[in-house]
Amino acid sequence: MELTTVWFALIAILWAGYFLLEGFDFGVGMLLPVLARDERERRLLINTIGPVWDGNEVWLLVAGGATFAAFPEWYATLFSGFYLPLLVILVALIVRGLAFEYRGKVDSPQWRHRWDLCIIAGSFVPALLWGVAFGNIVRGVPINAEHEYAGTFLTLLNPYALLGGLTTLSLFALHGAVFLALKTDGDVRARAGRLAFRLSLPAVALAGSFLLWTQLTHDDAWGWALSAAAAAALIGAVPAVRARREGWAFLATGATLVLAVAALFVTLFPDVMPTTLAGGDSLTVTNASSTPYTLKVMTWVAVCFTPIVLGYQSWTYWVFRRRLRVEHIPAAHP
């Protein structure tokens with residue numbers, strides 16, 4: 001297997017890991033005003049992701065860095081053509097991170113309310129725009145013969161990409177509700193389970209429509225198989241949620257996200273950004289890649305450091321594996 005193919009697959013794995021882990025972070029943030037009835041419950045919800053949310057974002061940083069190093073043409077075209085939506089995502093992630101750190105610094109309801117709004121918006125915006133971005137990557141955008149984006153911001157707001165945004169939004173909300181049912185106990189757990197069941201129905205409809213549209217357009221055999229597996233996993237999450245088997249439900253929603261990302265990347269290959277222009281030139285794993293020497297050095301670095309990162313993150317989840325209750329949260333800020 002060529003190193004270009006290896007790195008395309010590794011980037012797909014990084015994005016799948018990011019959606020799997022950061023997906024429930026976004027879901028918890030979006031559901032903050034829905035599930036939490038008072039300040040202690042809001043702090044309970046935030047504490048479920050408090051030890052892990054910043055570690056989950058490492059997957060995004062590594063995915064971006066790997067794209068820049070392995071496929072610089074892809075990175076350049078993507079970040080120039082998608083500059084505005086990616087900038088909005090970056091600002092939302094920064095504001096969200098600040099909110100987690102600063103909401104408890106001042107003992108004031110108004111102060112905490114403003115930062116809560118930042119958490120909600122900072123979770124909602126990336127959850128929507130990542131789907132729009134990936135929808136456009138798979139669908140194709142106007143790229144000319146010089147590998148430059150030739151469209152506008154409105155070009156990205158096409159029906160297929162918007163459906164992709166609604167799909168990631170619904171899947172992340174469902175993933176977050178299932179995670180909260182898994183990580184909490186008492187009334188919050190019961191409410192999260194009921195909400196997860198209600199969210200599962202639109203998530204199945206949106207995700208199924210998006211994956212079906214994708215495969216009807218591209219008609220890739222492996223894409224069909226992975227899309228079918230993702231749909232089966234998502235449908236399987238519904239009875240698990242209903243039966244309060246939160247562990248199985250979380251595995252099902254996580255598998256849905258991983259399989260859906262895999263289906264998109266398999267459908268995309270060997271392109272990395274197809275063009276919709278008649279005289280344009282699609283970016284592929286061949287014409288967008290770095291030199292063989294660069295890819296070889298990157299491969300050795302990945303072999304050495306990836307197990308360390310995975311081991312540390314796995315240890316973090318193991319240490320903070322216990323369920324949380326409202327009783328674990330102090331009645332007032334110190």
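Select the whole protein chain and colour it by accessibility: 50% of its 334 residues count as buried, where buried means under 20% relative accessible area with a 1.4 Å probe, protein chains only. The model is predicted: local features need pLDDT of at least 70, side-chain atom pairs count only at pLDDT 80 or more, and totals for chains, interfaces and linings use all residues. Residues are numbered from 1 along each chain as its sequence is written, and side-chain values use heavy atoms, with hydrogens and water left out.

Keep the chain selected and display its surface. The accessible surface comes to about 15700 Å², and carbon and sulfur atoms hold 70% of that area (Shrake-Rupley method, 1.4 Å probe).

Switch next to a cartoon, in which 13 helices and 2 strands appear; these are DSSP runs, H or I of at least four residues for helices and E of at least two for strands, numbered from the N terminus. The radius of gyration of the protein chain is 20 Å, close to the 20 Å of the globule rule for 334 residues, so the chain is as compact as a globular protein of that length. That radius is taken over C-alpha atoms, and the rule is 2.2 Å times the number of residues to the power 0.38.

Now select residues 39–49, helix α3, which is mostly covered, with 8 of its 11 residues buried. Among the buried residues of α3 are Glu39, Glu41 and Arg43, together with Leu44 and Leu45.

Finally, add Asp38 and Arg40: at the start of α3, a side-chain oxygen of Asp38 lies within 3.3 Å of the backbone nitrogen of Arg40.

Methods. A polar contact is a pair of N or O atoms within 3.5 Å; within protein, one must be able to donate a hydrogen and the other to accept it, and residues adjacent in sequence count only if both atoms are side-chain atoms.
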